[in-house]
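Ready for a few exercises? Have a go at each task yourself, then follow the worked solution.

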Amino acid sequence: MKRVPLSELERIYEALKSYGSVWVRKKNAYETAETPEELLSTVSKVKKPAKFIFLPEEEPLLAFVQDGKNVTFQEVIREAKGVIFGIPPCEAKAISLLDLNFLQGEGEDIYYKKRRENVLLFGLACLAPDSRCFCTTFGYGPFTESFTDIFGVVVDDVLLFEGITEKGKDLVKNLDVEDAKGEELKKLEAMKKEITERVKKLDIQGIQEKLARMMDSEIWDKISSSCLGCGACTYYCPTCYCFDIQDVERPNWGYRLRTWDSCMFTLYTLEGSGHNPRPELKYRWRNRLMHKFNYYPVLYQEFGCVGCGRCIEVCPVNIDIREILMEVKNEPIRA
Amino acid sequence: MADYEPKILTILCNWCSYAGADLAGTSRIQYPSNIRVVRVPCSGRVNPQFIVKALRDGVDAVWISGCHPGDCHYITGNYFARRRFYVLKDLLEYVGLEKGRIHFSWVSASEGKRFADIATLVTEEVKKLGPRKKFVKRR
Amino acid sequence: MVKKIREIARKLLEEGKVDVVLGYEKGTEPLSERPFVARTVEEVERLTYSPFAIQNLATYLPRFNNNKVAILARGCTTRAINVLISEGQIERDKIYVIGIPCNGVIKTRELRESIGEEIEDVSIQNGEIVIKTTTEEKKVKFEDWLNISCKYCEYPNPLFYDVLVGEEVKPRGGGYPDVEDYEKLDEDKRWEIFEAEMSKCVRCYACRQSCPMCYCEHCFVDSTEPRWVEPGFDKTDLESWHLIRVLHMAGRCVDCGTCELVCPEGVKLLFLTRKVARDLKRDFDYVSGLNPEKPPFFGEFRYDDKGDFIL
């Protein structure tokens, strides 16, 4: 573990800057920092998660222009390069979950990859989990470093940090900083224990298996009864990644655009024939929950939720995923 | 700005204004060529969405013309249209779009001269405003 | 009040007069009073009511067309019911209206976000909202955080009801000073504000989904042919979406404010819908949702409608 006093953050700021943009936490979104002071952001939960950097709300994939009989195509790859400073473990884990989907095998997504490869995650321990957080439910906590490249903790007025991945270690190696002091490390341990315990853990043991047997349950009616069917929960979710690809056309030019999509929309599954396999909200709700707590674990052995609580906060009608998980757990299964 | 030639989407009803435009043509009355005419059965056919979409797609202004009140081929189509246009025009100007980007008129089949006059008036007004800076989709 | 609501709801369910009761329950977020569908006598105990109940419950009515429904209704809710009846979406006989005179609802999301701290407890005392956070007790004026529509509401009492809970309140009235203020700004300033507001939109469509008037199965924004609104986040598309939405609301919007209150990005929408409502009232003497027999605003006309803007 290395240390740098918060008053001397410009020493690492310059090093981070050499990687490209330095994103820091602002209230509404991650934004690029102009000064080293901005690294000191005290925002504990950024409203729009860091997924916005890797999966922007919209991105053009190609552009085309017609000139007489000639049509020229141009591939567009929107790149991102730099360091996300202060990303909390939950969002870093969420990005590791996105990686499972976007960086593996045939499903490899070059657009995502281009950005993901060139952005370092400088994580910071989450010191202020709020009442919506339930990250410890998923086998990690506010001090889990493993999903980041470099991980740090602010202890009093000092930033302690260490490289986790090779890339991160390289960055740390080149910095002119001293080693952390013994009493600081001791304090860190105490903080870790105290803050991790503050997060309310849910017992969702066996939920994956249970859900598999609940396709026809009546619970979906109940869960979806107050849902409005907007896309807020999925848009702000750090692990949701569904997208739609559409063309924007003009008489002689246009572009292909990838935008977000949400499984809560009617249009998401509507087929050309007019048939909709998920005609009602309850089916869409079932899919959303199944995807996060059954399909994802079946495919990747990881839940598709990190317990950040954003969906609880942005939902217009305050549908609480924690309550729903508990309802699912307590629902008797009829033979 | 002198050589600025705006494109003005012009939606004319089949029974009055389009015939009016026809009369202007057969009477050899000159009017600016900036207007691009779309013929519709009735001004009541014009959905305010047409206007919003046309502006977004890049025309400089929109001009819609139908039959005089009481003259509608379908008896009341233009009365329904009048309400819609009123709400739309006021709303667009309220949010800050310049006055003079949307025009409405009543022109009958016998008013070839009037058609040409209004076409000239609308074109001149839009020319004065210059190219549109608000509500322009970036490429 | 809450006691009376529960009493009525229990009785209705017990006697089988209704299948479900549409009401509110306490949410898990601070300052949240969320919609709740009570189906059993046990669930009735969860029903509550407070000025934090922002959602207009009429939004849920078309979903329960095959049921007999009791609904907690404020003035704006009953107006929404009227519009839905006039447009043939629901039937009055299937709905049991539990009327609630309303003193206005609070901009809960905005207030919550302005606190910026963990909120532990909230109560309303003598015209003040008392918010207990982890570190202090904050008091804010009830009036300051009122939804703008409620601030100038003319119909706070349910227009009709099967049973009324509480005493009728005095309408605040006051017209549309917010709209008039905006009108006074110069053109470019107005456009600047409008663009800034619209560009916050993330197209989650919470405004549409929460709106009692937006029951269309196929929304124009989802239409691909013609493409009224293109995909993506270009300002013009976001603006088109909101402008056309407001046009579709003309003469139908009951000014409940739910669309703005639920927006996760806090996009201001009421200055648009209220502007149209003001125009309709001033120039056409039309107020939406007062009479279920009356045709929609765009479905009728008068020979002497305003026409001086037409050449």
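**Exercise 1.** Work out how helix H3 of chain B and helix H10 of chain C are oriented to each other.

*Solution.* Bear in mind that this is a predicted model. Start with the axes: those of H3(B), residues 77–94, and H10(C), residues 270–284, come within 11 Å and cross at roughly 135 degrees. Next, sort that angle: over 145 would count as roughly antiparallel, and 65 to 115 as roughly perpendicular. The angle fits neither class, so H3(B) and H10(C) are oblique to each other. Last, the handedness: H3(B) passes H10(C) in a right-handed crossing.

Now look at who makes the contact. H3(B) brings residues including Tyr86(B), Val87(B) and Leu91(B), while H10(C) brings, among others, Phe271(C), Leu272(C) and Val276(C). Sorted by type, the residues of this contact come out as 9 nonpolar, 6 charged and no polar.

**Exercise 2.** Find the domains of chain C and describe how they meet.

*Solution.* First, the bounds: the domain assignment puts 2–107 + 146–299 in domain 1 and 110–145 in domain 2. Then the spacing: the centres of these two domains of chain C, taken over C-alpha atoms, are 25 Å apart. Now the contact: 17 residues of domain 1 touch 12 residues of domain 2. Finally, the area buried between them is about 1200 Å², with 60% from carbon and sulfur atoms.

**Exercise 3.** How much area do chain A and chain C bury between them?

*Solution.* Begin with the residues: chain A puts in 43 and chain C 36. Together the two chains bury about 3100 Å², 47% of it on carbon and sulfur atoms. On the chain A side, Ser225(A), Leu228(A) and Asn318(A) supply 18% of the area chain A buries here, more than any other three residues.

Key. Residues numbered from 1 in each chain as written. Chains lettered and ligands numbered in written order. Predicted model: local features only at pLDDT ≥ 70, side-chain atom pairs only at ≥ 80, totals over all residues. Heavy atoms only, no water. Axes fitted to C-alpha atoms, helices over the stretch in contact; angles between N-to-C directions. Helix = DSSP H or I, 4+ residues; strand = E, 2+ residues; numbered from the N terminus. Parallel < 35°, antiparallel > 145°, perpendicular 65-115°, else oblique. Left-handed = near helix turned anticlockwise from the far one by under 90°. Contact = heavy atoms within 4.5 Å. Nonpolar A, V, L, I, M, F, W, Y, C, P; charged D, E, K, R; others polar. Domains from an automatic or database assignment. Buried area = accessible area lost by both parts, 1.4 Å probe.
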